[in-house]
Every structure is written in structure tokens, then in C-alpha cells.
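This report covers one protein chain, with attention to a single residue and its surroundings. Please view the sequence and the structure together.

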Amino acid sequence: MHRLTNVDQRKFILNRPAKEHQRRAPRRAVRPGSHVIFKKTSRFRFIGKSQILHSAALIDISTEGLRARYTAPDKWSRPFDHIAITDADNMVIVDDIYCKIISDFQVNYTPDGGRDRVCGIKFDRLTLPQRKTLERFIKEHTVRAQESARWHVQFD
């Protein structure tokens with residue numbers, strides 16, 4: 001039992017990060033071929049289009065967030081603020097999902113000297129149509145937990 005002596009301790013205990021098994025919406029492994037496109041909103045949103053910064057292979061997804069693998073020399077030098085998700089045919093499934101990075105780490109080196117990285121992303125301000133589209137994408141493009149153990153490698 002914790003004895004909370006001030007408001008800051010209480011906030012810390014209540015807001016500490018949840019572990020994988022405590023997620024509200026568990027992530028499901030995505031079939032190969034789906035990608036995430038990272039975008040940055042132009043400074044003057046009403047004038048220009050979003051700038052595409054990078055793309056990454058989708059590892060797993062839930063209605064709360066996703067994890068993706070990309071190759072880069074280092075962590076994000078220019079942060080993104082929204083993403084688009086595409087399927088294996090490069091058709092955009094859902095666009096303009098606002099999000100933030102919750103983790104970003106290196107997993108190994110590539111033969112050409114780059115670095116494979118994995119980033120975790122939390123969705124922010126999902127609209128109802130975006131949530132419905134994500135649920136449909138998860139239903140159609142992911143594998144069941146029993147199947148994922150056979151071929152999917154989990155990075156933590």
C-alpha cells in the first residue's frame with residue numbers, strides 16, 4: 001500500500017504508463033505489406049499541403065495506437081504530427097490521424113550502415129469515422145493472437 005503525501009505523488013501513481021497486458025485495446029499483429037506515412041502539417045495549414053516526412057512498415061495496431069519499423073540514421077529530426085495508413089496495394093485506408101510518439105528505439109543496423117528503428121505511436125483526437133475505419137482495418141488486415149505467435153516477432 002502506498003501512502004500518498006502530496007498531489008504530485010497521487011498524479012504520478014494514477015498517470016503512470018500502462019504495461020502491455022494492461023492496455024485498453026491490445027495491439028494485434030498486422031499482415032505484411034501495410035505501411036504508415038508520417039506527415040507534418042504545413043505552418044500555414046490553410047495555404048499548403050502536409051509534407052510527407054517518412055514511411056514505415058506497420059508492425060501492430062489497435063484503436064489506441066500502433067507500432068512501426070523504419071530505417072533512419074537517428075531518431076526523428078523533424079517531428080510529425082499526423083499519419084496515414086496504407087494497405088499492401090498502397091491504397092490509403094485512413095488519413096490525417098493526429099498522433100504523438102511514445103517510444104522510439106534502435107533495434108539493429110542495416111547492411112548499408114543505416115539503423116532499423118521501431119517507434120510506438122499513440123493516436124490523438126480520433127473522429128468517429130476514423131475510429132470505425134481503423135476497426136475495419138484491424139478486422140481485415142491483422143492476424144489473430146494465436147496465428148501471430150507463429151510468424152510475428154514482438155519488439156519491446
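The text below goes from the chain as a whole to one histidine, His82.

The model is predicted. Mean pLDDT for the protein chain is 77, and 71% of its residues reach 70 or more. Confidence varies between elements: helix α2 (residues 128-141) has the highest mean pLDDT, 91, and helix α3 (residues 145-151) the lowest, 51.

The protein chain holds three helices and seven strands. Read from the N terminus, their order is α-β-β-β-β-β-β-β-α-α. Of the 156 residues in the protein chain, 36% are buried. The accessible surface of the chain is about 10800 Å², and carbon and sulfur atoms contribute 52% of that area. Among contacts with a separation of 6 or more, 62% are between residues 24 or more positions apart.

His82 lies in strand β5, which covers residues 82-86. Is His82 buried or exposed? His82 counts as buried because its relative accessibility is 0%, and the cut-off for buried is under 20%.

The side chain of His82 takes part in the polar contacts tabulated here.

| Side-chain pair | Distance |
|---|---|
| His82 and Thr41 | 3.3 Å |
| His82 and Asp96 | 3.4 Å |

Both partners also appear in the contact list of His82, which leaves aside neighbours within four places in sequence. That list includes Ile37, Phe38, Lys39, Lys40 and Thr41, as well as Ser50. Asp96, Ile97, Tyr98 and Cys99 are in contact with His82 too.

Notes:
Residues numbered from 1 in each chain as written. Predicted model: local features only at pLDDT ≥ 70, side-chain atom pairs only at ≥ 80, totals over all residues. Heavy atoms only, no water. Helix = DSSP H or I, 4+ residues; strand = E, 2+ residues; numbered from the N terminus. Buried < 20%, exposed > 50% of the residue type's maximum accessible area, 1.4 Å probe, protein only. Polar contact = N/O pair within 3.5 Å; in protein donor to acceptor, adjacent residues only side chain to side chain. Contact = heavy atoms within 4.5 Å. pLDDT = per-residue confidence, 0-100. Areas by Shrake-Rupley, 256 points an atom, 1.4 Å probe, with all protein chains shown as cover.
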